[in-house]
Amino acid sequence: MEIFLDTAKLEEIREAVAMGLITGVTTNPTLMMKAGRKDYREVTREICYLVQDRISAEVTSMDAEGMLAEALEIATWSPHVVVKIPTIPEGLKAMNLVAQEEVDGERLCRGCPWFGQCATDIETARDLADSWGVRINATLVFSPNQALFAANAGASFVSPFVGRLDDIGEDGMKVVVDTVEIFERYGIETQVIAASLRHPLHITQCALAGADIATVPYDVLMKALKHPLTDIGVERFLADWKSVAANTQ
Ligand code: E4P
């Protein structure tokens, strides 16, 4: 199972990239607010530059036409961008339209401040955009039916929100389990991104359920990495090595 980072904070992304932990990032307007940023395009472009992999950026229009226009604009920010669209009736209409669109190769990466330093040159960017088209991440999925409908409408990814269902006393992980089973049964290629994860056990449960990707907040990722016995082991090795060094002088 791949791990994405669920954040718009660049310092968290740099750390996770340095540890080789992540192969993508998911953002949303709330995460932008938490990062204290309102320049969505610039932040997304910097994240694409840092990660060079799938970065979700969300539309904010509420009607299909507006979502379509935004999706086509967002798709020109970088070939690595995946457009997040909410799983509501207007969202499904937008997904259905967006899935048939191509990325405007002429406008792709235009004006990007990372141009020239980026690992993806413009020819490669255009080739990638040509082969991928405008990829959609169906967000705010709370049931296997919503996931199925979004996949049928052309989403490349669906994001069931586990923690928010747990918050209202429902079994969030069951939506991941059922969605994975349905997609497997019908050979649906849409990938499942388990989202709204709150604690390390969620990550293990997603992996056991067969989710393709878990998108995880940085603090949850660090909690999952930490183990007291690992820390004690490191301290003991260090102390023993110091005493060996002292005794052999
Ligand atoms: C997913 O892509 C969302 O950004 C995210 O997982 C939402 O989670 P939350 O419930 O912690 O806001």
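Let's start with helix 12. How many of its 20 residues are buried? Zero. Helix 12 is hardly covered. Keep in mind that this is a predicted model. Buried here means under 20% relative accessible area, and no residue of helix 12 counts as that.

Where is this helix? Helix 12 runs over residues 228-247. From its first C-alpha to its last it reaches 29 Å. At 1.5 Å a residue, you would expect 28 Å, so the two values are close.

Now step back to the whole chain. The protein chain has 249 residues, and 46% of them count as buried. Set that beside helix 12, where the count is zero. The secondary structure comes to 12 helices and eight strands. The C-alpha trace spans about 75 × 50 × 35 Å along its principal axes.

Next, the ligand. Where does it sit? The space it takes is the largest pocket. Which residues are around the ligand? Here is the list: Asp 6, Thr 26, Asn 28, Leu 31, Lys 84, Phe 161, Arg 164, Ala 195, Ser 196 and Arg 198.

Look at three of these side chains. In Asn 28, a side-chain N or O atom is 2.8 Å from an oxygen atom of the ligand. For Lys 84, the distance from a side-chain N or O atom to a ligand oxygen is 2.7 Å. For Arg 198, that kind of distance is 2.9 Å.

How much of the ligand does the protein bury? Taken alone, the ligand exposes 350 Å². The protein buries 87% of that.

Technical notes: Residues numbered from 1 in each chain as written. Predicted model: local features only at pLDDT ≥ 70, side-chain atom pairs only at ≥ 80, totals over all residues. Heavy atoms only, no water. Helix = DSSP H or I, 4+ residues; strand = E, 2+ residues; numbered from the N terminus. Buried < 20%, exposed > 50% of the residue type's maximum accessible area, 1.4 Å probe, protein only. Near = heavy atom within 4 Å. Polar contact = N/O pair within 3.5 Å; in protein donor to acceptor, adjacent residues only side chain to side chain. Areas by Shrake-Rupley, 256 points an atom, 1.4 Å probe, with all protein chains shown as cover. 1 Å grid on protein atoms, 1.4 Å probe; cavity = no way out; pocket = protein on both sides within 12 Å on 5 of 7 lines; lining within 4 Å. Sits in = over half its atoms within 2 Å of the grid points.
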